[in-house]
Amino acid sequence: AVVSTQSTGMGRRPARCYRQIQPRPFVKSRFVRAGLEPKIKIHDLGNKKAPVTDFPLIYHLVSFNKEMISSESLEAARIAANKQMVTRIGKDNYHLRINIHPYNVLRINKMLSCAGADRLQTGMRGAYGKPYGLSAPVKIGQKILSVRARNVKGAESAMKIALTRARYKFPGTYRVVKAKEHGFTKYGK
């Protein structure tokens, strides 16, 4: 059974609360049995089955910070980038890939904020927290999103705009970089 932590009517905590990478990852296991599912389900969009030779233009969104990215912001970035690519060059002329997967479980120690709350709760005693959401750790120089496209009119500018729109969904510093590799591989052209 999937348990939603957002059914209480409260909003989410800001991303700055969970931005720092913790020393050890806190992953779903037999000890952490929360029914958390990442908000992002689809990691490949567009024309996924196109051969490498069809899409010679490749751009990456590269991180310049060491931080955590929530699954909600990854989903928002995916939607924003995909919408730009579909409207500008069409759904068969590109392939968009999200390169990171959220697996780190975030915790929240919920506090009451009503009259007489000090009598009902124990403050920071036993403040371990309940599972709250999922996030993905990101290193400096890591590729977050990658786009490859056909060499059609306006494709290069569409790729830059799509990755820039996706960049606005993440905290920290990111750059849009033209790739020197062959497709989404590690081999040079």
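**Exercise 1. How many salt bridges does the structure hold?**

Solution. The model examined here is a predicted one. Counting over the whole structure gives nine salt bridges. As background to this count, side chains of opposite charge can pair when their charged atoms come close.

**Exercise 2. Describe the salt bridge between Glu67 and Arg19, and decide for each residue whether it is buried or partly exposed.**

Solution. Begin with the distance: the closest N and O atoms of Glu67 and Arg19 are 2.8 Å apart, and a salt bridge requires such atoms to be within 4 Å. Next, place the partners in the chain: Glu67 belongs to strand 3 (residues 67-70), while Arg19 sits in the segment before strand 1 (44-46), so that the pair links distant parts of the chain, 48 residues apart. Finally, turn to accessibility, where buried means under 20% relative accessible area. Glu67 has a relative accessible area of 1% and is therefore buried, whereas Arg19, at 28%, counts as partly exposed.

**Exercise 3. Work out which parts of the chain the salt bridge between Arg97 and Asp44 ties together.**

Solution. The side chains of Arg97 and Asp44 meet with a distance of 2.9 Å from N to O. Because Arg97 lies in strand 4 (residues 94-98) and Asp44 in strand 1, the pair ties together parts that are 53 residues apart in sequence. As for accessibility, Arg97 is partly exposed with a relative accessible area of 28%, and Asp44 is also partly exposed, at 24%.

Which residues are joined into one network by salt bridges that share partners? They are Lys28, Glu37 and Lys41. Within this network, Lys41 and Glu37 form a salt bridge at 3.6 Å, N to O; Lys41 is exposed, with a relative accessible area of 55%, while Glu37 is partly exposed at 42%.

**Exercise 4. Reconstruct the five-stranded sheet and state which helices lie against its strands.**

Solution. First, write down the order of the strands, which is 1-4-7-2-8 in an open sheet with antiparallel pairing. Second, identify the edges: strand 1 and strand 8 (174-178) each pair on one side only. Third, consider one pairing in detail, that of strand 4 with strand 7 (residues 143-149), where five bridges join the two antiparallel strands, and where Tyr94 has Ala149 in strand 7 as its bridge partner. Last, add the helices: helix 1 (residues 71-89) lies across strand 1, strand 4 and strand 7, running at about 175° to strand 4, whereas helix 3 (residues 155-167) packs on the sheet by touching strand 2 (57-63), strand 7 and strand 8, its direction making about 20° with that of strand 2.

Terms used. Residues numbered from 1 in each chain as written. Predicted model: local features only at pLDDT ≥ 70, side-chain atom pairs only at ≥ 80, totals over all residues. Heavy atoms only, no water. Helix = DSSP H or I, 4+ residues; strand = E, 2+ residues; numbered from the N terminus. Buried < 20%, exposed > 50% of the residue type's maximum accessible area, 1.4 Å probe, protein only. Pairing = 2+ DSSP bridges. Contact = heavy atoms within 4.5 Å. Axes fitted to C-alpha atoms, helices over the stretch in contact; angles between N-to-C directions.
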